[in-house]
Every structure is written in C-alpha cells, then in structure tokens.
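Got the viewer open? Here's a short tour, one selection at a time.

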Amino acid sequence: MVGDLATAEDAVQEAFLAAVEQWPTQGAPANPRSWLIGVARHKALDAIRREARRDTKETAAQRDWAAARPAGPIGPVPDDDVLGLVFMCCHPALEVSVRVALTLRSVCGLSAAEVAAVFLVPEATMAKRLTRAKRKIRDAGIRLRVPPPDSLTERLDAVLRVVFLVFTEGHKASTGSTLVRESLCDTGVELARALLALLPDEPEVAGLVALLLLTDARRAARVDPAGNLVLLADQDRGLWNRDLIREGEHLLEGALRAGRPGPYQLHAAIAACHSTAPYAGDTDWRQIALLYAELLRHEPTPVIEANRAIAVAMVDGPAAGLAILDRLSDHPQLGHWPQLHIARADLLRRLGRADEAVDAYRAALRFELSAAERAFIRRRIVQLSPNADAGRP
Amino acid sequence: MKYLFLLYSPGGAPKDPTSVEYAETFAAFAEAEAAMEKAGVMLDCAPLQPVSAASTVRVRDGRTMVTDGPAAEIKEQVGGYLVVECADLDEALRWAATLPSARDGWVEVRPVFSVVPPS
C-alpha cells in the first residue's frame, strides 16, 4: 500500500543513518535491551500494583493523560472542528489512499504538489484524486464531525495512519529546503494527543503518540546549524528531549501492557530501542530486527522488509542486509523509493563496492529529496569518487 | 438528504411463499423496514421482479428501440430498493447495514441528486 511506503520511510531513514557512520565491528551490542520481554516481565507486578490501588483503567488513563500533557513543547489540542475535519477526511466511504492525501491537503495545508510527492504520483494525478474525493464528500453527505462513540473505534485505523503520515512528512520533509517542517510535526503530535484524549484505552492510539514523541524528541539533534542532516549515530544525544522520551516510553509501556500489540506500538518500540541507547554503539539492532519481523506480520509490505534488512545488516553484516534488499529491488513500488537506493548504496559502500555504491547514490538523486538529503548524498559520492562531479547524476 | 438503497442478493429472493426461507426473508425485511418507518426515514421501498422480466428502452435518431432484459449483462442483479431521508451518509449507512441484503449480498447507497430547475 502506498501509505505504508511513506510511513516507513522515516524508520528506514533512522536505521540506515545509524548504520552509515558507525558500523559495528564488534557484532551484537554488549547489553541488549528487550522492550517487549522487559515489559512482559513487569506485567504481573504491575497488575498487582494496579489491583492494590483499585484504580479503574479509565481514571488511570486520564491521570496519565493529564500528567503527560504539560511535558513537551506542544501547542493546544485541536478543537473538535479540526478533529471532525480529520474524521471527515478519513471517512471509510472514501478510498483508503485518498484519505491521507485529503488530510494532508485540508487539515495540514500541504499543496497538491507536496501531497503528490508523499504518494509518489504525478501532481495532476493527485489533484484529480483530491477533487474526486471532495466531490464525493459533498454529494454523498459526509459530515464534518467526530463520530459517535459506537462507531469511533472502527473509524480509527484510517485516522491513525493519517496522523502518522502527517508527522512523518514533517519529520522528514520529502521536498523543500528544510529537513524538518516543524508545523507538520506539531500538527501530527497535536492530532495524536487529541485522539488519545478521546480514546485513552486504545493501545494503538497510545502507541502512536509514543512513537511520535520518541521520534520528535530527536528533532533538535537531526539538523546542524548549517541545515545539514545529522545522522542518528552522530547526533548529540544530549540534545534529545528527555521529557518527550520519558513520556513516550511511559505511554508505550502502558500500551504494551494491554496485551494487544499493533503496528504503532511496534514502531514505537523500535524508536525506543534508539532512544534508550546511551551511545549509538549501544543500539540493540538484534531487538530491532526482531521487532521488524514482528511488524511484518501486521504490515507485510516490502518497505518493512527493507527496514528489517537494515537491522539485519547491523547484526549479521552488510552482505546479509544487501541480500534482503536485492530481493526487493525488483518490486515495482520500491523502484520509485529513493530510500531503497540510499540503503543499498550504503551497504555496497561498506562492502567496498564503491562503483556500485556511487551508481545507487546517483539513482537516489533522481528522486525528489530534501536539500539536506541531497547534500548528504553528494558528500558521499565525493568521498567514494573524489574526482566525480557529484551534482550530475 | 435522500438516499437510494439498491439491494443486491446474489442468491436471489426465495420464490415459494410457503417455504420457511421465504417466511424468514419476509420477516427480516419487515423488521428492518418497520424500524426505518418508525424512525421516520423511510420514503419508499419495493422488491423488484427478476431481470428476466426487465425491458430496456433506448431512443436513437427519433426511433424507440426496446430490447429484452437489462441494459448490461451483469452477474449480480438489483433485487429491490428503498428510498430514505437521512441527515447524512453515516445515518444512511447505519440503516443500510440493518437490511438482510447487507448480510447475504450488499447494499449500494446512492445519494439522490437534487435537480435544480434551469434558471
């Protein structure tokens, strides 16, 4: 599904970026930390504590929510109109892929060209889809409002995906001169928090908020003062927002305790593997590879498999990761996905296959990328072939 | 807003009024339609004869042409319809889901076009 392509982009980005500068020569990390296992171990204890407090699930969730609110640099939760607009854009009577597009356009104010870039389709195609969807909303009588409680849950999946995509697009802007579009990140987080207030007992909603907070916590460290992309492995972890990380971990643990894991909780667990590593070299790639394998059961897409390939490369070496990526290269959708070329390029570089690596980097440059990413790739090409003209693919 | 529900039942409606199946289908529709009557959303409803009883009319170059059967050869057939008045699509979809056809076939929900007279 096209939506999955874009949603997982950032995860691949993170994994591959971490791999780029600090390839582990020492094999698996010394202190592997297992989120899921750790949570399972504490589960029984927590149940006893909960029993003792005689808290209802609802009041506990509300208290957590109230405590969590002031933690981050987050604006006010959108009012019901905005949330109603999101639910309208995500109505099940609309085609799945157009729901995300419509939200990015109507709620987040992206241009049709920007939305088209997210979905890897020509602008005219996207403009036509958006017009058709708006006409359907008008003619079919789809209303702007938050659905009543009895139908809220079934309407949720589409909304969660949209909110995730909104944030992802802000965190790693597909196009444009800045890598992070803060307004989109903030909108994504605000929407997610508003959903959590509405549905405090849905573990996937909490998982989504956790994922966004854990990712957003790295915002200040991702771009240097000159606007260049800073790789995960190179980031000054002191710049990471500890409050957001704590809040994200707290929400994730609460969500996992419900015993209903889903894609957002798993993505959040992967993000937590990065957030909890004091140094890049401490990252538990084996756990990340396992989490991606688990994620494949929920989202059996080539992009998730590509993500897993990066993690496998970190554990078992670049050749093992490349073998998985090369199996995916023929996939019609992935051919249009620059991150696949970037990831392949990096593994080829690590294997000393410089010419093939340069070819893969040049393949990535044929796509729309942010200026920071382009600069990064050009630096790489120069490093691999000092006499080459990096600007001309 | 007015919505037309087109009821599709791949198996077709039971024909024999003395059969249990007929009685069950009759009762299921009666129940769903009574609820819509009570809620005041029902404007009209009727089952349809099978497409074997259908005729199709076209007028081309002033000549009326009548052919036997439906206009297009499609596998699934509309077995009945309802016209309802609902506040919005969500309400219409909720009512449509109460019809037996939604369980053994499907219900196409079509907003009725409000024709504006030419000015």
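Start by selecting the hairpin that β3(B) and β4(B) form in this predicted model, with 2 residues between the strands. Click on B:D61 in the turn: its phi is positive, at about 50°.

Now widen the selection to the strands themselves. β3(B) covers residues 55-60, and its pairing with β4(B) is antiparallel, over 6 bridges. For one rung of that ladder, pick B:T56 and look across to B:T67 in β4(B), which stands opposite. While you're there, colour β4(B), residues 63-68, by burial: this strand is hardly covered, with 0 buried residues among its 6.

Next stop, β5(B). Select residues 78-85 of chain B, then add β1(B), residues 2-8; the two strands run antiparallel and 7 bridges join them. B:L6 is a handy marker here, as it stands opposite B:Y81 in β5(B).

What else pairs with β5(B)? Add β2(B), residues 42-47: this strand also pairs with β5(B) in the antiparallel sense, over 5 bridges. To see one of the matched positions, pick B:P47 and find its bridge partner in β5(B), B:G80.

Hop over to chain A and switch to cartoon. You'll find 20 helices and 0 strands. Of the 393 residues in chain A, 47% are buried. Turn on contacts between residues at least 6 apart in sequence, and 68% of those in chain A join residues at least 24 apart.

Finish where the chains meet. Here 7 residues of chain A are in contact with 5 residues of chain B. Colour the chain A side by class and you get 4 nonpolar, 1 polar and 2 charged residues.

How values were computed:
Residues are numbered from 1 along each chain as its sequence is written. Chains are lettered from A and ligands numbered from 1 in the order in which they are written. This is a predicted model: local features need pLDDT of at least 70, side-chain atom pairs count only at pLDDT 80 or more; totals for chains, interfaces and linings use all residues. Two residues are in contact if their C-beta atoms, placed from the backbone, lie within 7 Å. Ala, Val, Leu, Ile, Met, Phe, Trp, Tyr, Cys and Pro count as nonpolar, Asp, Glu, Lys and Arg as charged, and the others, Gly among them, as polar. Helices (H or I, at least four residues) and strands (E, at least two) are DSSP runs, numbered from the N terminus. A residue is buried if 20 or more other C-beta atoms lie within 10 Å of its own, exposed if 12 or fewer, and partly exposed in between; C-beta atoms are placed from the backbone. Two strands pair if DSSP finds at least two bridges between them.
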